[in-house]
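Here is a quick tour for anyone meeting this structure for the first time. Take a look at it, and then we'll walk through it together.

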Amino acid sequence: MVNRKKVSRDIAYQKENIKRIPFSIQLSEYDILKAQAANMPMNTFIKKALNSYTGQEIFKV
């Protein structure tokens, strides 16, 4: 019962506060990025790259 409430809260939070951005790339491009990211999660790598590109700390990573 507690699990269902948490799941409901999580879903509600995501609907109100999270925006997903579709980002499609070729597998070969992904492999190159993944090699550059090493052991870093891809999401973190992309956020750091965007921070670097914009010159602003938009994402707290």
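## A pair one turn apart

Asp 10 and Lys 6 sit 4 residues from each other in helix H1 (residues 2-17), so about one helical turn separates them. Keep in mind that this is a predicted model. The two residues form a salt bridge, and their closest N and O atoms are 2.8 Å apart. That fits the rule for such a contact, because a side-chain nitrogen of Lys or Arg has to be within 4 Å of a carboxyl oxygen of Asp or Glu. How many salt bridges does that rule give? The count comes to 1.

Are these two partners buried or out in the open? Asp 10 has 34% relative accessibility, so it counts as partly exposed. Lys 6, at 41%, also counts as partly exposed.

Now for the whole protein. It has 3 helices and 0 strands, and going along the sequence you get the pattern α-α-α. The radius of gyration is 16 Å, well over the 10 Å that the globule rule gives for 61 residues, so the protein is more spread out than a compact globule. If you prefer a box, the C-alpha trace spans about 45 × 30 × 20 Å along its principal axes.

What share of the 61 residues counts as buried? Just 7% of them. The accessible surface adds up to about 6,000 Å², and 55% of that belongs to carbon and sulfur atoms. As for charge, the protein carries 11 positive and 5 negative charges, and the mean positions of the two groups are 10 Å apart.

On the surface there is also a nonpolar patch of about 290 Å², made by Phe 23, Ile 25 and Tyr 30. Of these, Tyr 30 belongs to helix H2 (residues 27-37). With 34% relative accessibility, Tyr 30 counts as partly exposed.

Further along the chain is Phe 59, in the segment after helix H3 (42-54). Its relative accessibility is 27%, so Phe 59 counts as partly exposed. How far is Phe 59 from Ser 8, in sequence and in space? The two are 51 residues apart in sequence and 26 Å apart from C-alpha to C-alpha.

Here are the residues with their accessibility side by side:

| Residue | Relative accessibility | Class |
|---|---|---|
| Lys 6 | 41% | partly exposed |
| Asp 10 | 34% | partly exposed |
| Tyr 30 | 34% | partly exposed |
| Phe 59 | 27% | partly exposed |

Methods: Residues numbered from 1 in each chain as written. Predicted model: local features only at pLDDT ≥ 70, side-chain atom pairs only at ≥ 80, totals over all residues. Heavy atoms only, no water. Helix = DSSP H or I, 4+ residues; strand = E, 2+ residues; numbered from the N terminus. Buried < 20%, exposed > 50% of the residue type's maximum accessible area, 1.4 Å probe, protein only. Rg over C-alpha atoms; globule rule 2.2 N^0.38 Å. Areas by Shrake-Rupley, 256 points an atom, 1.4 Å probe, with all protein chains shown as cover. Lys, Arg positive; Asp, Glu negative; His and termini not counted. Charge placed at Lys NZ, Arg CZ, Asp CG, Glu CD. Patch = residues over 30% accessible without salt bridge, like charges linked within 9 Å, V, L, I, M, F, W, Y side chains within 5 Å.
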